[in-house]
Amino acid sequence: MDSRADGVKASGFGPLKSALFFVVLAALGYLALWGEFSGMDFIIPQYLILHTVMEMAAIVVAMLGAGIVWNAYASERPGHLVLLGVLLFGTGLLDFAHMLSVPGMPYMITPAEVQKSITFWLAARTLPAIGLCITAVGSREPLKDARSRFAMAAGVLLFVGLVYWAALFHMEWVPSFYVPLQGLTVYKVGYEYVLVAMYGFAALWMLRRLLREYRRTLAHLFVASAIAAISELCFTLYRSHGDLFNLVGHFYKIVCYVFIFRAVFASSVRQPFESLHAALDNEKRLAEQNRSVVRTLDLLEEAVLELDGQCRLINSNAGWRAIAGDDAVRDTHLLTHVHPDDRSGFELQFNALVTGVKDEVHGRFRFGSAERTDKWFECRFVAERNAFSGTTSVRGVMHDITKVYLQERHIHHMALHDALTGLPNRVLLEDRIQQAIQHANRSARRIAVCFVDLDHFKDINDAYGHKVGDELLLAIAHRLRDCLREGDTLARWGGDEFVALLHNLSEPGSERQVAQKMIAVAREPLEIAGIAVSSAFSMGIAVYPDDEPSGDIDALLAQADRAMFYAKSQGRNNFQFYSEVAGKGTGKKDLYVQAKLARAIHAGTITAWFQPLVNARSVLEGQPRMEGVEVLARWHDEELGWVAPGSFITMAENLGLIGDLSTQVRRTGFAALREWQQELPDLKMSINISKRQLFSVDFISDLLADVQTYGLQPRDIQLEITESVALADVTYADERLRSLAAAGFSLSIDDFGTGYASLSQLHDLPIGELKIDISFVRRLHTEDGYRMVQGILGLAKALRLSTVAEGVEDADTARLLGEMGVDLLQGYFFARPCSREDFVALPLFAGVH
């Protein structure tokens, strides 16, 4: 079988077989009747009663079908069904006249007779024949215009009226269909065959369509058309109006009407009901899906709300009831569940949504029940609007973020506060100084910055351990904070350093009174872990706008730091004002330079220069090869010009800004090294580490973070520490150096030979390189100088340390150092320190290109 036959099977071959069964059964009945009684005059007793009953049944079926089609009209229903229903109505009217025209029936205006009865009969058979033919060949386009069915009804009624007029009053207009004692005329039989042809055509065409697409309506109309054709064949054979063929023809007509009724009923009633049931089933599925979504939201503990324009609850899920508790039932106004401090802000946002100012609002607010109102929720609300832009309702989702909010607050607090003391850190302190300066400008008041450094704190750490040292810092922090006024700030600067911010100073000398109180409190003895500990500190004070009219925060801090150093030089355990320091120990010019240096560091105008480190053996071979590079700080001021590193580095140390300066230079160097390693993957970089950096709490973590940020490895970095720094606090320095070595950094002793390191000290420190001071290299060509360098190299060899000689300024010195066994050389002979652009242009850097 072809694909079309398969399609018929798939679409409903079973019901099609049932339709064919009825048609075949009717045909076999007709054939049996024709074969048995053809040519006979078989009169049925009581025919009039039987005929009346069958006609009444046919009329009822026809009128029911017409009524269903007419009242079930819809613009989307097929137009041919409307036509069929209207024709059924006309057929019922004609069948009624036919029933009353049969001989033996009462007068209907004119006497009942066979000719009159046949006239109504043929007219009644013509209307469904026309309707079935049109249905068979016509399209299923809907009848959009409702007035069209009234036009159809008017046409059918006009036809019925004409038939009534002719049959009742002008029978002479109608051809003779029956002759008494002779039977049917040729007109009657011919018209019946025309009807047979029409019904047969409709049946065949519907069968053709059924073989392509199965539809219940077509199946019923196919059976109706086929049986109507067989019925009309019966009416070509009867000899008397009361014989068997006439009665069987009427029975087939009723069957035809029944199948037409089933077709219009299925299309106009059953199918809409089936569609309605399908729609209801779909609504049930959607409702179940909605319930599933709500149950899922309940699992997520999301509160889903629907509100009216007055912020009253219309609908809510279990998530909201879990938030509000019993109040969710008793009180339907959402605002009552908002924290009082957040209520006005929430109401403002909600009104903006309702009035159309905003299409969506979201934010964080506190909600809860009467027992607890400190739960934080992330809220998102949208407005549902009608065609006139009016707000019909507001829908929203709320998610409990209390834990997240508290964690964020904790993280924010940690980012702005010291972990040990809980005091504000540098970031928060600078922000508060900025605010205090702005307030002082508006109110014509002053502020004071007090830089505090504990005296001999290192001795306490060494004697009692770091745990006691931490307890001492906490105790000092509490005492200093108690000395300050409400609104003042005490911050931990780092290590054993604190900064106190005194704001809104109106009377001269107010800062001195606070300082005296702080000094006095610090002198009081403390008992920590059963140990009596005495403490004191040195403090420097700078005042805005007296000392720093421009309001530069870094300069103000630098001035306070400078005053603190002066206090230490005056015997410690005292405080000094920057205004007093400016006229003493340090000259005004130096203070001016220091202020400009602080601004330069804050503005990031300190630049990084580079100088190569050359393999000494490659120099002896005549092909110098660069193995490393040292990054150096340089400062150029528009007014001062180039400032010597030995000068401004010391200033930065004294000002407490060496950490910021070194960080800027280090990060610039790391960025350059990352680029250069693409061509020279083994290239290493040396950077200098100050004492403040080495002993800073965050130095190692910050250094590792920078290495990771610039895509480097700790082994790429050589950290240079001066001999004096390494030996300043052997115990603490050893701890810090071992931490750096464990992190993967290489360590070098810079300016070796200028300190007083012993062999045991060098052996204990985790270093890998000695850098011979330039003073020894310059005396290399003297006998004493040669022996001195030779001794240093012997010591390095014994300790398995590599060596670097700095200050190489000529070829003879480079050659001699190489022959003596120095590993790396550095100096003007190879290249002076230069900018990044000039460095990559050096002959030693040719491999990069």
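Trainee: Which helix does L31 lie in?

Mentor: L31 lies in helix α1, residues 3-37; helices are DSSP runs (H or I, at least four residues), as are strands (E, at least two), numbered from the N terminus. This is a predicted model, where local features need pLDDT of at least 70, side-chain atom pairs count only at pLDDT 80 or more, and totals for chains, interfaces and linings use all residues. Residues are numbered from 1 along each chain as its sequence is written, and side-chain values use heavy atoms, leaving out hydrogens and water.

Trainee: What makes L31 count as partly exposed?

Mentor: Buried means under 20% relative accessible area, exposed over 50%, and partly exposed in between (1.4 Å probe, protein chains only). L31 has 49% relative accessibility, so it counts as partly exposed.

Trainee: Which residues form a nonpolar patch on the surface with L31?

Mentor: V24, L28 and W34 join L31 there, and together the four have about 400 Å² of accessible area. Patch members need over 30% relative accessible area and no salt bridge; nonpolar side chains (Val, Leu, Ile, Met, Phe, Trp, Tyr) are joined within 5 Å, like charges within 9 Å.

Trainee: On to the helices. Why is α4 called roughly antiparallel to α5?

Mentor: The axes of α4 (residues 114-137) and α5 (residues 147-169) come within 10 Å and cross at roughly 165°. That angle makes α4 roughly antiparallel to α5, the cut-offs being under 35 degrees for roughly parallel, over 145 for roughly antiparallel, 65 to 115 for roughly perpendicular, and oblique for the rest. The crossing of α4 and α5 is right-handed.

Trainee: And what makes α29 oblique to α30?

Mentor: Helix α29 (residues 783-798) and helix α30 (residues 811-820) have axes that come within 11 Å and cross at roughly 40°. Because of that angle, α29 is oblique to α30. Their crossing is right-handed too.

Trainee: Which salt bridge does D95 form with a residue of helix α4?

Mentor: Its partner is R125, with the closest N and O atoms 3.3 Å apart. The pair links distant parts of the chain, since D95 sits in helix α3 (residues 79-101) and R125 in helix α4, 30 residues apart. A salt bridge needs a side-chain nitrogen of Lys or Arg within 4 Å of a carboxyl oxygen of Asp or Glu. D95 also meets K253 in a salt bridge, at 3.6 Å from N to O; K253 belongs to helix α8 (residues 244-299), 158 residues away from D95.

Trainee: Are D95, R125 and K253 buried or exposed?

Mentor: Buried: D95 is at 0% relative accessibility, R125 at 2% and K253 at 3%. These three are linked with E55 and E232 in a network of salt bridges. The whole structure has 30 salt bridges.

Trainee: How do you know that E548 is buried?

Mentor: E548 has a relative accessible area of 4%, so it is buried. Its side chain meets that of R599 in a salt bridge (3.5 Å, N to O). E548 lies in the loop between β13 and α17 and R599 in helix α19 (residues 588-603), so the pair ties together parts 51 residues apart in sequence. R599, at 33% relative accessibility, counts as partly exposed.

Trainee: What is the peptide bond from Y544 to P545?

Mentor: That bond is cis, with omega near 5°, and P545 lies in the loop between β13 (537-544) and α17 (553-569).

Notes: Accessible areas come from the Shrake-Rupley method with a 1.4 Å probe; for residues, only the protein chains shown count as cover. Axes are lines fitted to C-alpha atoms, for helices over the stretch in contact, and angles run from 0 to 180 degrees between N-to-C directions. A crossing is left-handed if the near helix is turned anticlockwise from the far one by less than a right angle, and right-handed if clockwise.
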